[in-house]
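Let's take a walk through this one, from single residues out to the empty spaces. Have the viewer open and follow along.

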Amino acid sequence: MSARRSSLLAALLALAGLVVAATLVRPTAAPAGQPQAGTLAVDTTAFVCPSTYGSAGAPATVNVASVASLLHHPAPPVRITTMQLTGRPSKPTVLPNHVLTRLHYFRAGHALLVSASGAGAGAVAVDQRRLIPRGGGRGLYSTPCLRPGTDFWITGADGRVGFSDSLVLANAGSTTANITVNAWATTGPLEPPKLRSFTIAPFSALLLPVADYTPDDALVTLHVHANSGRITAEVRDVRTTAARPAGLDWIPPTRPPARTLVVPGIPAGAGQRRLVVANPGSTDATVTLHLLTASGNFAPAGHPSVVVRAGRTTDVDLTSSLGGQPGAVALSSDQPVTAAAVSQSSTSLRRGFPEIQWHVAGTPLRGPAVLPDNNPPFRSVSRIYLTAPNGAAQVRLTAMTGKSTVLRVPAGRTITVDPVQSLGVVATGPLLLQPVGGAEAYVSRTLYAPGAHGPLTTAEQPTSLPASLRLPPAVADLRAGIR
């Protein structure tokens, strides 16, 4: 080896030694922290109430509940506004920041947009109600105001004589919505030509009489799809017999077709109880039924299973099987189906009138949910029905003052709760429901009053509050800059 090469090698070894030494004496840097996941809270939400049509003797009431104070301390701020959907944008009305705001409408009205913004927007829920004490439209009806979406399934509309059902579609957006409505009835699939593709102008609503599009068809199931834009859809069911009122209620959207469904909230008492099942598919469905009551979990007499032909609807009489007990229906099918039930409250008065209430397939309680207003007509009866089809469940019920109680539902049973008896008169305002243990529970509430000329009754399921969006951990990735 030459002297020059030896000198170069020695220099490199010396440099390496310095690097090692520097490494040994350099303070150790703190280890990098693990990337943390984050959450993005809901800061805007909107609801559409289908109608604010009222009168001096029978006002329409919209109930706006803001329960952020029951979920957070201190309560995050929220700004709530309303705007009538008249076909053109208008200046919103700002509501006071209360736990419950009741809005009353005394004349012909439109669909109503209720918007919330701010950190407390995700804790707002809205519903509407109207009591008509007399006349051809006598009855009590209520419904949750809906968040705009693209798909809605509604089961139980009717186009026959004696029914004055109307499909109410609303577009609260600033762009035109294009809509297609498909329908199925007891006779098979329906193809109303005027509903194949039509538009709804921005900030407006349409009222479509069901009999104009499906005349003489019974037990109609509607699938409302927005090809563009976002809309809401509900059906107002009004019945008469020989020009006498025979009940009315809103039919809110039910669950999309599925192989398992639960229809909760069928109340106690006399009168018919009927289940409507729709099979929009191309294959016959075999549907197994179970009734879940306070005393047992059993198949309805004579109807342990039902075959629903492809593209058709059918109904099942559950009156004798329930025997006046409150309960729920659990459906299990080999093909996707959808369902809803209707309860008729009868009267023994000679000149009395019957009344109806609709119960749709429900969503299990997986997080906080709200019943915005629970004040029964004439301060009469309010009942909450809870069903736990798959295992024992526990649900916390909280009034607007913060007073609460834990409700325990046995596996495969339905329990009945009087909220006023459990929490006091504060339970006539907003109620917050939260799962606190066990299996999933389904919830429905009924308001009832005997009435001077027969019963007044309506059912409603709670509005689930949106969960915060969970964000994945942010991880540095140099590949993100490589094209």
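**A walk through the chain**

Start at Ser 204, which sits in strand S15, spanning residues 204–209. Keep in mind that this is a predicted model. Is Ser 204 buried or exposed? Its relative accessible area is 11%, and buried means under 20%, so Ser 204 counts as buried. Look past the neighbours within four places in sequence and you'll find Ser 204 in contact with Leu 85, Gly 87, Leu 169, Ala 170 and Asn 171.

Now zoom out for a moment. The chain has 5 helices and 36 strands. Of its 483 residues, 48% are buried. Take the contacts between residues at least 6 apart in sequence: 79% of them join residues at least 24 apart. On the outside, the chain exposes about 22200 Å², and carbon and sulfur atoms supply 56% of that.

For a good look at the inside, go to strand S3, residues 60–66. All 7 of the 7 residues in S3 are buried, so the strand is largely enclosed by the rest of the structure. Which residues are buried on each face of S3? On one side they are Ala 60, Val 62, Val 64 and Ser 66, and on the other Thr 61, Asn 63 and Ala 65, so both faces are covered. S3 also has company along its edges. It runs antiparallel to strand S6 (residues 100–105), with 6 bridges joining the two, and antiparallel to strand S8 (residues 124–132), this time with 7 bridges. Thr 61 is a handy residue to click on here: it stands opposite His 104 in S6, and its bridge partner in S8 is Arg 129.

Next, pick out an open sheet of 4 strands, ordered S2-S7-S4-S5 and paired antiparallel. Its edge strands are S2 (44–49) and S5 (93–94), each of which pairs on one side only. S5 is held to strand S4 (residues 79–84) by 2 bridges in the antiparallel sense. Within that pairing, Thr 81 has Val 94 of S5 as its bridge partner.

Further along the chain, find Leu 195 in the loop between strand S13 (188–190) and strand S14 (198–200). Leu 195 is in a loop, yet it is buried, with a relative accessible area of 5%. Its C-alpha atom is 5.8 Å from that of Thr 180, although the two residues are 15 apart along the chain. Setting aside neighbours within four places in sequence, Leu 195 is in contact with Ile 179, Thr 180, Val 181, Leu 208 and Tyr 213.

Leu 195 also leads us to the empty spaces. Rolling a probe the size of a water molecule over the atoms shows where such space is left. How many cavities of 30 Å³ or more does the structure hold? There are 2. The largest cavity contains about 60 Å³ of space, and its lining includes Leu 195, Val 181, Leu 208 and Tyr 213. S15 and helix H3 (210–213) are the elements that give two or more residues to this lining. By class, the lining has 8 nonpolar residues, 1 polar and no charged.

The second largest cavity has a volume of about 40 Å³. Leu 169 and Ala 170, both in contact with Ser 204, are among the residues that line it. S2, strand S11 (166–171) and strand S17 (232–241) each supply at least two lining residues. This lining has 8 nonpolar, 1 polar and 1 charged residues.

Finish with the pockets. The largest pocket holds about 990 Å³ of space. It is lined by 42 residues, and Leu 146, Pro 253, Arg 255, Thr 363 and Pro 462 lie nearest its centre. Its lining divides into 25 nonpolar, 11 polar and 6 charged residues. The second largest pocket comes to about 330 Å³. Of its 18 lining residues, the closest to the centre are Phe 163, Arg 239, Gln 272, Arg 274 and Val 342. S17 gives the largest share of that lining, 3 residues, and the classes split into 7 nonpolar, 6 polar and 5 charged.

Terms used: Residues numbered from 1 in each chain as written. Predicted model: local features only at pLDDT ≥ 70, side-chain atom pairs only at ≥ 80, totals over all residues. Heavy atoms only, no water. Buried < 20%, exposed > 50% of the residue type's maximum accessible area, 1.4 Å probe, protein only. Pairing = 2+ DSSP bridges. Contact = heavy atoms within 4.5 Å. Areas by Shrake-Rupley, 256 points an atom, 1.4 Å probe, with all protein chains shown as cover. 1 Å grid on protein atoms, 1.4 Å probe; cavity = no way out; pocket = protein on both sides within 12 Å on 5 of 7 lines; lining within 4 Å. Points joined across faces, edges and corners; volume = space filled by probe spheres on them. Nonpolar A, V, L, I, M, F, W, Y, C, P; charged D, E, K, R; others polar.
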